[in-house]
Amino acid sequence: MKALMYYGKEDVRIEDIQEPQIRPGTVKIKIAYDGICGSDLHLYHDGPGAPAPTADTPHPLSGETLPVVFGHEFSGTVAQIADDVEGYTVGDEVCVEPLLVCGECAACRAGKYNLCEKMGFIGISGGGGGLSEYIVVQSRFVHKTGAMGLEQAAMIEPLSVTVHAVRHSGADKADPGVAVIGGAGPIGLFTAAVLRAYGHTTIVSEVSEVRRNKASETGVADYVVDPSKEDLNAKVREVSEGKGATFAFDAAGIGSVVDQLLDTLAPDGRLEIIAIHTRPYELAIPRLMMQDRSMGASIGYANDHPESIRLVNEGLIDLNPFITSKIKVEDIVEQGYNKLLNDRSEVKILVSMN
């Protein structure tokens, strides 16, 4: 079968590889779409780093070294089901939690498998990937997506990252209030969509005009602010009638954005970090303590895909406006990895193997 293989920095190749075979406890899926993720961009442009293996050192769970099949945000249809698996029918439209977990560490035993000590990702660490014609996956990580269609289904994985963050913050159970999102890339936009689905008023802070427009056009932002020209804190006080934000979410990964978000928080407010920070951040503890505020961070997802699927299928979130391009795998470098570096109008590019 045809697959896109990741060899390392700026080196991906379409190759013919052996088609994976069904095994006990698994489901075979014919891939429909694979979304390009920020992690893919980092690996392609900067080279391999954890959780990717290297050409010499295998990932501890997959046992694979580079090259590996690329792509971890994917949807498809069930093509074959192992004899010991129930609950699926050939032709079911599905998405996948693309996780490799040990099942033995303390986090896995506690059901927090997103914190697995040996964590790996299908499509990064080995185990197949979404940029292939077929993949075989443990049935526990395969989710039927219902009527939403395969295009939206390919975005359930990144949506689940934001559902997990919102649930981790407690915003899903809180009374509706004002929530501020710093950054309007894909994760920031999806976070705003989830918060609105739970009834919160959303203020998106973003310096890029193109991304601010996307936040407005898609309807996920009740208000948009350019923090380089406007006073974000003043806008939050105005919208919240002086109370401040109940929740704030960092989807930018920049220390100055964290500072701005902390300033917007109401007493007893919560700041949740979703973005990956590549530089240390210095926090003055009294900024939290003197207002009884809290700050936390979340990574990935664990048991969040069903809620993401519910939000989409019940019409509380529409992911279609976030699909900004659909391309063929043959064009993935120029129209995918290179384009996403410079074109801020792109939110989610879906890649088809067909």
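How many aromatic pairs does the count come to? The total is five aromatic pairs, where rings of Phe, Tyr and Trp (its six-membered ring) pair if their centres lie within 6.5 Å, with planes under 30 degrees apart called stacked, over 60 edge-to-face and the rest tilted. The structure is a predicted model, in which local features need pLDDT of at least 70 and side-chain atom pairs count only at pLDDT 80 or more, while totals for chains, interfaces and linings use all residues. Residues are numbered from 1 along each chain as its sequence is written, and side-chain values use heavy atoms, with hydrogens and water left out.

One edge-to-face pair is formed by Phe190 and Phe322, at 5.0 Å centre to centre and 70° between the planes. Phe190 belongs to helix α5 and Phe322 to the loop between α10 (305-313) and β17 (323-328), so this pair ties together parts that are 132 residues apart in sequence; helices (H or I, at least four residues) and strands (E, at least two) are DSSP runs, numbered from the N terminus. Phe190 is buried at 0% relative accessibility, and Phe322 is buried at 0% as well; buried means under 20% relative accessible area, exposed over 50%, and partly exposed in between (1.4 Å probe, protein chains only). Ring pairs also link Tyr6, Tyr44, Phe70 and Tyr337 into a cluster.

Val220 sits in the loop between α6 (209-217) and β13 (223-225). Is this residue, Val220, buried or exposed? Val220 is buried, with a relative accessible area of 6%. Neighbours within four places in sequence aside, Val220 is in contact (heavy atoms within 4.5 Å) with Leu189, Ala192, Ala193, Arg196, Thr202, Ala215 and Phe322.

Turning to the interior, the largest nonpolar core has 92 residues, and those with the most contacts inside it include Ile29, Leu131, Leu159 and Tyr337. Such a core is a set of buried Ala, Val, Leu, Ile, Met, Phe, Trp, Tyr and Cys residues joined through side-chain atoms within 4.5 Å. Helix α5 (residues 186-197) supplies the largest share of this core, seven residues. Apart from this core lies another, of 17 residues, among them Val178, Ile203, Val239 and Leu265. With neighbours within four places in sequence left aside, Leu159 is in contact with Phe190, Val194, Ser308, Val312, Ile317 and Leu319.
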